[in-house]
Amino acid sequence: MNDNMHPTMPVIRMLSPADVPAFRAIRLESLQRDPGAFASTTQDWLGISDADWQRHLVDNAIFAAFEGETPVAIMGLMRQRASKMAHRATVIMVYVRAIWRGTGLAEALLDMLDRHAAILGIRQLELAVRADNAGAVGFYEKAGFAAIGRVPGGFLQDGQEFDEILMARRTRRQHPNAGANR
Ligand SMILES: CC(C)(COP(=O)(O)OP(=O)(O)OC[C@H]1O[C@@H](n2cnc3c(N)ncnc32)[C@H](O)[C@@H]1OP(=O)(O)O)[C@@H](O)C(=O)NCCC(=O)NCCS
């Protein structure tokens, strides 16, 4: 914990398939409150079944921060499936409720992801962010991500195109048994 963290920081844990209600609550909140930040819309996610919500939790490592029983932040890790790319994962669903921004909670979540990634033998974290999302780009740069590419007009929202910035950083930790080909 760094010095400027809130004294009663939410508790971060990985979500299990039993956590669908909390997952649904914080994911829909993120899409509703910051619709410009995500590739999906609220509508995309409102229609999915409980089994689909569960599948997201099984297929990906998704962490949430809880204030008591209430989820207030979320961040996930989607690993590449192909064996020669399994050392790479994409950071997804990044959202911190507005009152918890600037507290170090986003950094703490990213650190949990990094720790988990290293245990899995993941060497590189990647992500995509809308170019005009200065707060998120600033957060990622502060966390050591560097821009590795740009997709012109990568986001199309209400008929308007926005560039997408691709970013990456190596995991801060390495798996103790990570060999040359992991
Ligand atoms: C992205 C998000 C998780 C970051 O969390 P946060 O608590 O706001 O991030 P932090 O305060 O730790 O870091 C933000 C950093 O970005 C920089 N920053 C913030 N706003 C900025 C701006 N408008 N322009 C440039 N840099 C900015 C600052 O360097 C800041 O660090 P500092 O306060 O130490 O100087 C949070 O803002 C959020 O949930 N946003 C809405 C959803 C979203 O955009 N998700 C990302 C989808 S890709």
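**Exercise 1.** In what order do the seven strands of the open sheet lie, and which kind of pairing do they show?

*Solution.* Begin with the source: this is a predicted model, in which local features need pLDDT of at least 70 and side-chain atom pairs count only at pLDDT 80 or more, while totals for chains, interfaces and linings use all residues. Residues are numbered from 1 along each chain as its sequence is written. Strands (E, at least two residues) and helices (H or I, at least four) are DSSP runs, numbered from the N terminus, and two strands pair if DSSP finds at least two bridges between them. On these terms the order is β1-β2-β3-β4-β5-β7-β6, with mixed pairing. At the edges, β1 (11-14) and β6 (146-157) each pair on one side only.

**Exercise 2.** Find how β1 is joined to β2.

*Solution.* The two strands run antiparallel and share four bridges, β2 covering residues 61-67. Within β2, Ala-65 is the bridge partner of Ile-12.

**Exercise 3.** Describe the shell around the ligand, beginning with its residues and ending with the elements that supply them.

*Solution.* First, 17 residues surround the ligand (C-beta atom, placed from the backbone, within 6 Å of it), and the closest are Ala-37, Arg-101, Ala-106, Ala-134 and Gly-138. Next, at least two residues of the shell come from each of β4 (88-96), α4 (105-119) and α5 (134-142). Finally, α5 gives the largest share, six residues.
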